[in-house]
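Got a model open and want to talk it through? Here are some quick questions and answers to go with it.

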Amino acid sequence: MARVTVEDCVVKVPNRFELVLVAAQRAREITSGAPLSVDRDDDKNPVVALREIADDTIELDHLQESLIRGMQKHVEMDEPEEAPELEQTLFGIADPAGPVISENETDEEAVEEELEEDLLDIEEEAADVEEEAAPDAEPEEEP
């Protein structure tokens, strides 16, 4: 094929806009060093990409997936996240030789601290409510 036209490629990719995106993605891959599936014949990368699409020598599904991955702003990781204890140990936040508490046990000190904080918050809220509800001792005189 000496010349490639859009009509040759539209048979493989019916949507012209999608064809442009897929061909551009393949041209980027060629630029980054991907092996060619057709002879170059002194053509530039976009023309080679269109010739590959027209000759059906590349997988369009792969190109579409790499195109989508390239446009995503938030990439989801397939790997499970590490446990917080391990991250704390790795960064020196937690003592690796410290006590380990199983799921069935409770940390009594931590529970007591939480209760104390909650009680202090309740007392502060009650004091605020009393201040708002109490009438002023001295009414202001109007001039």
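Q: Which residues of helix α3 are buried?
A: Keep in mind that this is a predicted model. Helix α3 covers residues 45-55, and a residue goes on the buried list if its relative accessible area is under 20%. For α3, that list reads Asn45, Val48, Ala49, Arg51, Glu52, Ile53 and Ala54.

Q: Which helices do the buried residues of α3 pack against?
A: The packing here is judged by contact, meaning heavy atoms within 4.5 Å. By that test, the partners of the buried α3 residues are α1 (6-10), α2 (16-31) and α4 (60-71).

Q: What residue follows α3, and what is the sign of its phi?
A: Right after α3 comes Asp56. Its phi sits near 60 degrees, so by plain definition of the number the sign for Asp56 is positive.

Q: Is α2 roughly parallel or roughly perpendicular to α4?
A: The two helices, α2 and α4, pack with their axes 9 Å apart and at an angle of about 85 degrees. Angles of 65 to 115 degrees count as roughly perpendicular. That is why α2 against α4 comes out as roughly perpendicular.

Q: How many nonpolar, polar and charged residues are in the contact of α2 with α4?
A: From α2 come Glu18, Leu21, Val22, Gln25, Arg26, Arg28 and Glu29. On the α4 side are Leu60, His62, Leu63, Gln64, Ser66, Leu67 and Met71. Sorted by class, the α2 and α4 contact has 6 nonpolar, 4 polar and 4 charged residues.

Q: Why does Gln25 count as buried?
A: Gln25 lies in helix α2. The cut-off for buried is under 20% relative accessible area. Gln25 counts as buried because its relative accessibility is 12%.

Q: Which residue's side chain makes a polar contact with the side chain of Gln25?
A: Leaving aside neighbours within four places in sequence, Gln25 is in contact with Leu63, Ser66 and Leu67. For the polar contact, the side-chain distance is 3.0 Å, and the partner of Gln25 is Arg28.

Q: Where is confidence lowest in the protein chain?
A: The chain averages a pLDDT of 78, with 68% of the residues scoring at least 70. Confidence is highest in α2, at a mean of 93, and drops to a mean of 56 at the other end of the range. Where pLDDT is low, the predicted coordinates shouldn't be read in detail. The helix with the lowest confidence is α5 (residues 84-90).

Q: How many helices and strands does the protein chain have?
A: Going along the sequence, the pattern is α-α-α-α-α-α. The count is 6 helices and 0 strands.

Terms used:
Residues numbered from 1 in each chain as written. Predicted model: local features only at pLDDT ≥ 70, side-chain atom pairs only at ≥ 80, totals over all residues. Heavy atoms only, no water. Buried < 20%, exposed > 50% of the residue type's maximum accessible area, 1.4 Å probe, protein only. Helix = DSSP H or I, 4+ residues; strand = E, 2+ residues; numbered from the N terminus. pLDDT = per-residue confidence, 0-100. Axes fitted to C-alpha atoms, helices over the stretch in contact; angles between N-to-C directions. Parallel < 35°, antiparallel > 145°, perpendicular 65-115°, else oblique. Nonpolar A, V, L, I, M, F, W, Y, C, P; charged D, E, K, R; others polar. Polar contact = N/O pair within 3.5 Å; in protein donor to acceptor, adjacent residues only side chain to side chain.
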